[in-house]
Amino acid sequence: AHLASISATASGGVVPGWIASEIEFAYDLVKHLGLRWIALFSIVGLAYLNAKLSLVFSIIYLAINRGLAARRAHRSNVDGHEAVVAQVVAPEGPGVSPPVSSIELSVNHLHSRESSDPGSLLTDRSEHEAAPRPPHSLPKAYASWAIFGIFGAHRFLLGYKVTGAIYACTLGIFLVGHWVDGIFLMRYLVRHANERDSTKTKYVALQPEQPDFV
């Protein structure tokens, strides 16, 4: 009856023929597949669309964040260079040594430090090189958030297993929590996870070694 009314309306010129054919196709699809399959396909399509939008947002956000970080680093380098090349003002007059630049002062300081303790510079360098990298990075967190974020992948990756399971059961708390994490909370989540893991690493390193008994 529905298809007959649609065909009659289309033949009467009220609805174009291609719209009537699309309606007929949708009606046949619902009739043959059922509402469960339609709901499943809708969820999959929504997840796919959400993943694409999340991926685009992640790329734009990381590009802006990287540009700002590079700009801050460049600005700090420029400020440091200006501070290094600044001249030390000294009074002029007979018997007064010429002004010494801060570069020469820094070189003299390094030479005096190396002569007093030759291993100090190597120690500082080794300490700087031995600084551990954080276990979690913002690009990895955003990649997992963009692809499987509605299933809590980014929270599982950062170690928040309980909220990750909640996200997996509720599709990212119905996409609201997913986008709140991506827009507002991701930097805090990554920083907190790195601080937590570094604290655990320090605690394990401070534990005394147990002797091996034969």
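**Figure 1. The cavity found in the predicted model.** A search of the whole structure, which is a predicted model, finds 1 cavity of 30 Å³ or more. The volume of this largest cavity is about 50 Å³, and the residues that line the space are I43, L46, A47, I150, L171 and L175. Sorted by character, the lining consists of 6 nonpolar residues, with no polar and no charged ones. Helix α3 provides the largest share of the lining, namely 3 residues. As general background, rolling a probe the size of a water molecule over the atoms shows where empty space is left.

**Figure 2. The largest nonpolar core.** This view shows the 11 residues that make up the largest nonpolar core, which are L138, A141, Y142, W145, A146, L158, Y160, M186, L189, V190 and A193. Two helices, α6 (138-148) and α9 (176-206), each supply at least two residues of this core, and the largest share, 5 residues, comes from α6. In soluble globular proteins, nonpolar side chains tend to be buried together.

**Figure 3. The surroundings of S58 in helix α3.** S58 lies in helix α3, which covers residues 35-85. Is S58 buried or exposed? S58 has a relative accessible area of 4%, and because buried means under 20%, S58 counts as buried. A polar atom of the side chain of S58 lies 2.8 Å from the backbone oxygen of S54. When neighbours within four places in sequence are left aside, S58 is in contact with Y142, W145 and A146, and these three residues are listed among the members of the largest nonpolar core.

**Figure 4. A146 and the residues it touches.** A146 is one of the residues of the largest nonpolar core. Which residues does A146 touch, not counting those up to four places away in sequence? With that restriction, A146 touches A51, S54, L55 and S58. S54 and S58 also appear in the previous view, where the backbone oxygen of S54 lies 2.8 Å from a polar atom of the S58 side chain.

**Figure 5. The whole chain, as a setting for the close-up views.** The chain contains 9 helices and 0 strands, so that reading from the N terminus on, the elements run α-α-α-α-α-α-α-α-α. Of the 214 residues in the chain, buried residues make up 18%. Among the contacts in the chain with a separation of 6 or more, 54% are between residues 24 or more positions apart.

How values were computed
Residues numbered from 1 in each chain as written. Predicted model: local features only at pLDDT ≥ 70, side-chain atom pairs only at ≥ 80, totals over all residues. Heavy atoms only, no water. Core = buried A, V, L, I, M, F, W, Y, C linked by side-chain atoms within 4.5 Å. Buried < 20%, exposed > 50% of the residue type's maximum accessible area, 1.4 Å probe, protein only. Helix = DSSP H or I, 4+ residues; strand = E, 2+ residues; numbered from the N terminus. Contact = heavy atoms within 4.5 Å. Polar contact = N/O pair within 3.5 Å; in protein donor to acceptor, adjacent residues only side chain to side chain. 1 Å grid on protein atoms, 1.4 Å probe; cavity = no way out; pocket = protein on both sides within 12 Å on 5 of 7 lines; lining within 4 Å. Points joined across faces, edges and corners; volume = space filled by probe spheres on them. Nonpolar A, V, L, I, M, F, W, Y, C, P; charged D, E, K, R; others polar.
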